[in-house]
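Biologist: I have a model open and a list of labels attached to it. Could you walk me through how each label is earned?

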Amino acid sequence: MPIAAAAMLGGCEIKESIRQADAEVVQFHRELDAGHSQEIWEATGPDMREATTRKDFVAMLDAVHRKLGNVKSSKQVGWNSNSGTGGSFMTVTNETVFERGHGTEQFVFRHGEADKLALVGYHIQSNEMMVN
């Protein structure tokens, strides 16, 4: 019985984390479409700030927006939740259609204070971005 209760509770927590991550992705796309790469950087977590510089991250986001344009649609196609001694993370993968192409985006979030998600990783694979 305790195992079943823990599994149900864990399932509810994962569903909430997925919902939160989806909302963060929507906000990320709004900011990207508006050209607010600096604001996206400001909202990232410490892990992101240790992995890259503001200048490089903003330049990458500006290139995504410049080459692919605004987001037309985005659909979550996968997710992963991982907890360990290094913290709790939620990774979501989206297939995103932009004005001038499409891409597979991966967003990595860390659970922070008050269980708020902070972006700690962003990756995009897009053939159109590479050739445009």
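Modeller: Happily! Let's begin with exposure: a residue is called buried under 20% relative accessible area, exposed over 50%, and partly exposed in between. Keep in mind that this is a predicted model.

Biologist: Then why is Arg54 called partly exposed?

Modeller: Arg54 has 34% relative accessibility. Partly exposed covers the range between under 20% and over 50%, so Arg54 counts as partly exposed.

Biologist: What makes the contact of Arg54 and Glu42 a salt bridge?

Modeller: The rule asks for a side-chain nitrogen of Lys or Arg within 4 Å of a carboxyl oxygen of Asp or Glu. For Arg54 and Glu42 the N to O distance is 2.7 Å, so the pair meets the rule. This salt bridge links distant parts of the chain, with Arg54 in helix 4 and Glu42 in helix 2, 12 residues apart. Glu42 has 45% relative accessibility, so this residue counts as partly exposed.

Biologist: How many salt bridges does the rule give?

Modeller: The count comes to four. One of them joins the side chains of Arg110 and Asp47, at 2.9 Å from N to O. Arg110 belongs to strand 3 and Asp47 to helix 3 (residues 46–51), 63 residues apart, and here too distant parts of the chain are linked.

Biologist: How do you know whether Arg110 and Asp47 are buried or partly exposed?

Modeller: Set their values against the cut-off: buried means under 20%. Arg110 has a relative accessible area of 23%, so Arg110 is partly exposed. Asp47 comes to 25%, and therefore counts as partly exposed.

Biologist: What makes Glu99 and Arg100 a salt bridge?

Modeller: Their closest N and O atoms are 3.8 Å apart, and the limit is 4 Å, so the pair qualifies. Glu99 has 41% relative accessibility and so counts as partly exposed, while Arg100, at 42%, therefore counts as partly exposed.

Biologist: Why is Ser37 called buried?

Modeller: Ser37 has a relative accessible area of 3%, and buried means under 20%, so the label follows for Ser37. Ser37 sits in helix 2. Leaving out residues up to four places away in sequence, Ser37 touches Val58, Leu61 and Asp62.

Biologist: And what about Asn80: buried, exposed or partly exposed?

Modeller: Asn80 is at 43% relative accessibility, so the label is partly exposed. Asn80 lies in strand 1 (residues 71–84). With residues up to four places away in sequence not counted, Asn80 touches Phe89, Met90 and Thr91.

Biologist: How many residues does the largest nonpolar core have, and which touch the most other members?

Modeller: The largest nonpolar core has 24 residues, and Phe28, Phe57, Phe107, Phe109 and Leu119 touch the most other members. Helix 1 (2–33), helix 2 (37–42), helix 4 (54–68), strand 2 (87–98), strand 3 (101–111) and strand 4 (117–125) are the elements that each give two or more residues to this core. Helix 4 gives the most, with six residues. As general background, nonpolar side chains in soluble globular proteins tend to be buried together.

Biologist: Which residues does Phe57 touch?

Modeller: Not counting residues up to four places away in sequence, Phe57 touches Ile40, Trp41, Thr44, Met48, Thr52, Leu119 and Tyr122.

Biologist: What lines the largest pocket?

Modeller: Its lining has 15 residues, and Glu24, Ile40, Ala43, Thr44 and Leu119 lie nearest the centre. The volume of the largest pocket is about 260 Å³. Helix 1, helix 2 and strand 4 each supply at least two residues of the lining, with helix 1 giving the most, four residues.

Biologist: How do you know where the predictor is confident?

Modeller: The pLDDT gives its confidence in each residue, from 0 to 100. The mean pLDDT of the chain is 90, and 91% of the residues reach 70 or more. Over residues 1–10, however, the pLDDT is below 50, and beyond near neighbours in sequence this stretch has zero contacts in the model.

Biologist: Finally, what is the order of the elements along the chain?

Modeller: The chain has five helices and four strands, and from the N terminus on they run α-α-α-α-β-β-β-β-α. Of the 132 residues, 34% count as buried.

Key. Residues are numbered from 1 along each chain as its sequence is written. This is a predicted model: local features need pLDDT of at least 70, side-chain atom pairs count only at pLDDT 80 or more; totals for chains, interfaces and linings use all residues. Side-chain values use heavy atoms; hydrogens and water are left out. A nonpolar core is a set of buried Ala, Val, Leu, Ile, Met, Phe, Trp, Tyr and Cys residues joined through side-chain atoms within 4.5 Å. Buried means under 20% relative accessible area, exposed over 50%, partly exposed in between (1.4 Å probe, protein chains only). Contact means heavy atoms within 4.5 Å. On a 1 Å grid over the protein atoms alone, a cavity is a set of points where a 1.4 Å probe fits but cannot get out, and a pocket is an open set with protein on both sides within 12 Å along at least five of seven lines; lining residues have an atom within 4 Å of a point. Grid points are joined across faces, edges and corners, and a volume is the space filled by probe spheres set on the points.
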